[in-house]
Structure formats: C-alpha cells, structure tokens
Amino acid sequence: MSLETAWLALLGLLLAGYFVLGGYDYGVQMLRPLLGDSARDETQDAHDAHDTRDALDAIAPFFLGNEVWLVAFTGVLFGAFPHLEGSLLPGLYPLVVAILAGLVLGNAAVQLRRRARGTRGRRVWDALIVAGGAVPAACWGLVVGLLLHGVPRRADGSFRVGAAEVFTPFVLACGATTLLLFAAHGAAFAALRAPARQLASRAHQLGVRLIGASGAAATLALLLTVFGSGADLTNRTAPVVVAVVLAGAFGAAWWSFAAGHPVRAFASTCLATALPVLLVGAGHYPYLLISSAGRGLDVDYAVTDDATLTILSAFGIFVVPTVLAYQAWSWWAFRGRAGHRHPRYF
C-alpha cells in the first residue's frame with residue numbers, strides 16, 4: 001500500500017470513528033426530552049430530577065473525549081491533503097460553520113443546564129441541547145449527500161456549494177438519514193448505558209421507530225440514485241457492496257431494538273453510522289471530489305508531497321495508537337451502566 005492510500009484510509013477511519021463516537025453524543029442530545037420524565041422534571045429542582053439526567057449521564061464520561069477524533073481528522077486533512085482542504089472547506093463554509101456552532105452550543109448547554117434555576121430556564125437549555133445534537137447530525141448528512149452527488153466546480157478549479165445544491169431531494173434525504181440514524185444510535189447507547197430499566201425500555205421503543213424512519217430516508221436516497229437524480233459515482237461494484245452491508249446493518253439494528261438486545265443494537269448502529277464514509281470513499285476512488293461536469297480532484301493532486309508524508313508518517317506512528325489507547329482506556333474505565341459504578345456528571 002502506498003503512503004497516499006494509507007493516509008487516505010486513515011482520513012476515512014478518523015471520520016468514520018467520529019461518526020460512530022460523536023454520533024451517539026448527538027443522538028442522546030436529540031432524544032433527551034423523549035428519554036426523560038419531563039413532567040417530573042418540571043416539578044422538581046434540577047439537582048433532584050433524576051430521570052432526564054440519566055440520558056446525559058450515559059454519555060458524560062465520553063462527551064468531550066469523542067471530539068478528539070474530529071480534531072485528528074482535521075489535522076490529517078490539513079497536513080496530508082492540503083489541496084483537498086483548500087478546495088472543499090471554502091465551498092462548504094456555511095455547513096462547516098453550522099456544525100461548529102452546533103458543537104459549541106450543545107457542549108455549553110449540557111454543561112450549563114444544571115446551573116439553571118426554574119423550569120423555564122431548564123427548558124431553554126434543553127432546547128439548546130437538542131439543537132446542539134440535531135444541527136451537526138443533519139449537516140454531516142448534507143455534506144455526505146453533496147460529496148456523493150457531486151460538487152459544482154468553477155473555472156479556476158475550486159468547488160462551490162450554494163443553496164441550489166444543498167436543497168435538492170437527494171441531499172436532503174441524506175441529511176434526514178443521518179439525523180434519524182444518529183438519533184437511533186443515541187437510543188442504542190442510552191439503552192446500553194442507562195441505569196433505569198424504564199429509560200432503557202423507552203430507548204428501545206424509540207430506536208425501533210428511528211431506525212425504521214432512517215431506513216426509509218435512505219431508501220428514498222437510493223431510489224433517487226437509481227432514477228438518475230441522486231449519487232454520481234465513479235465506481236459501481238464497491239458502493240453496491242457497501243449499500244448491501246448498510247441495509248443489513250439497518251435490519252439488524254431494527255431487529256435488535258425490537259428484541260430488546262442493547263449490545264447488538266449498538267453494534268449494528270455503530271456499523272451503520274460508519275458506512276456512509278466508506279460509501280463516499282469507495283464510490284469515488286481515486287477521486288476525492290467530483291462534479292457533474294466531469295471528474296474533479298483526485299488523490300494524486302490532493303495529497304501533499306512524499307517528503308511531508310514521510311515526516312507525518314513518523315509522527316502518526318505515535319499519535320494514532322495514542323488516540324486509540326485513550327479511547328480504549330476510557331471505555332474500559334467507564335464500562336457498565338451509568339450511575340452504578342460511577343457518579344453523576346450533569
């Protein structure tokens with residue numbers, strides 16, 4: 001395997017890892033009002049209302065740590081693929097700003113909600129928590145949809161994205177798919193980690209509905225592609241295999257939710273949230289960006305020079321295992337259901 005291919009695989013791995021780990025953060029945030037007893041929360045002080053805080057306690061030990069994968073992805077993008085970064089990010093500027101705003105908003109709301117006094121103040125923070133999960137989840141889906149569909153290219157070689165490109169049926173279907181899929185992923189994680197049996201049962205019920213709705217949105221995107229107004233793929237065979245595996249992951253997640261198997265449900269939603277990244281990579285390789293007018297930016301042009309890659313490789317040998325070791329340690333240290341072995345956080 002060449003250095004260029006290895007770094008491209010690492011780029012995809014980091015983004016897929018962030019979709020899996022950050023995805024359940026977004027999902028739990030979106031489902032927070034549905035996973036708690038809001039009537040009880042309204043009549044008690046924030047420090048005494050336990051049911052709704054259980055959902056946030058499930059993600060508390062991992063909440064900010066999962067952002068490491070996004071930071072690592074950005075570092076690889078800037079360092080190893082400067083031409084891709086220079087071509088892609090300016091065109092996606094509104095969506096990138098929305099994702100970052102959602103991250104900041106959601107993180108701040110989760111941390112500050114417990115300081116609120118009174119029902120009205122808590123409701124405001126609750127709404128911001130939901131928005132902080134929903135906005136990035138939907139925007140990441142829009143980005144995936146744009147990359148699959150093709151990004152318009154200017155005469156100078158740069159790519160641009162406007163409202164006309166975002167508000168198309170296929171791109172919107174991709175946004176709805178990831179929004180609902182991340183919510184289902186959050187339901188699976190809440191069912192796996194929630195200490196209260198009632199909350200876990202509620203998460204299973206929500207998961208069945210959400211994974212079904214996400215599958216319906218994904219089916220719409222597939223139908224649009226079949227009829228020529230969806231994804232514009234360079235390759236054919238590999239994306240079909242990925243799509244079949246994705247459909248299997250949706251089916252396994254639905255069955256696991258319905259049967260009440262939280263571990264299997266979470267494993268299935270993990271696979272489902274990671275596969276859109278592989279779909280983009282497998283569908284366009286060796287191109288990273290394409291346009292409807294013709295092929296666009298390929299790997300050889302997007303990657304930096306060999307000398308820089310060699311230096312980055314020596315650095316990455318230490319950084320990547322460190323990130324993986326940290327993630328493994330955090331999962332081991334906070335294994336089990338929230339509240340049983342560890343104190344509450346939010």
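Me: In this predicted model, which class of residue, nonpolar, polar or charged, is most frequent in the lining of the largest pocket?
Reply: The lining of the largest pocket holds five polar residues and one charged residue. Against these stand 32 residues of the remaining class. The class asked for is nonpolar.

Me: What is the volume of the largest pocket, and which residues lie nearest its centre?
Reply: The largest pocket is lined by 38 residues, and several helices, including H1 (3–35) and H7 (119–149), each supply at least two of them. Strand E1 (287–291) also supplies at least two. Its volume is about 900 Å³. Nearest its centre lie Leu11, Leu15, Phe73, Leu147 and Val277.

Me: Which residues lie nearest the centre of the second largest pocket?
Reply: The second largest pocket encloses about 650 Å³ of space. H7, H9 (169–193), H10 (197–226), H11 (237–259) and H12 each supply at least two residues of its lining. By class, that lining has 19 nonpolar, six polar and one charged residues. Of the 26 lining residues, those nearest the centre are Ala218, Leu222, Ala243, Leu246 and Leu279.

Me: Are H10 and H11 roughly parallel or roughly antiparallel?
Reply: The axes of H10 and H11 come within 8 Å and cross at roughly 155 degrees. Because angles over 145 degrees count as roughly antiparallel, H10 is, relative to H11, roughly antiparallel.

Me: How many charged residues has the contact of H10 with H11?
Reply: On the H10 side the contact includes His204, Val208 and Ile211, and on the H11 side it includes Phe250, Trp254 and Phe257. By class, the contact has eight nonpolar and five polar residues. The number of charged residues is none.

Key:
Residues are numbered from 1 along each chain as its sequence is written. This is a predicted model: local features need pLDDT of at least 70, side-chain atom pairs count only at pLDDT 80 or more; totals for chains, interfaces and linings use all residues. Side-chain values use heavy atoms; hydrogens and water are left out. On a 1 Å grid over the protein atoms alone, a cavity is a set of points where a 1.4 Å probe fits but cannot get out, and a pocket is an open set with protein on both sides within 12 Å along at least five of seven lines; lining residues have an atom within 4 Å of a point. Grid points are joined across faces, edges and corners, and a volume is the space filled by probe spheres set on the points. Helices (H or I, at least four residues) and strands (E, at least two) are DSSP runs, numbered from the N terminus. Ala, Val, Leu, Ile, Met, Phe, Trp, Tyr, Cys and Pro count as nonpolar, Asp, Glu, Lys and Arg as charged, and the others, Gly among them, as polar. Axes are lines fitted to C-alpha atoms, for helices over the stretch in contact, and angles run from 0 to 180 degrees between N-to-C directions. Angles under 35 degrees count as roughly parallel, over 145 as roughly antiparallel, 65 to 115 as roughly perpendicular and the rest as oblique. Contact means heavy atoms within 4.5 Å.
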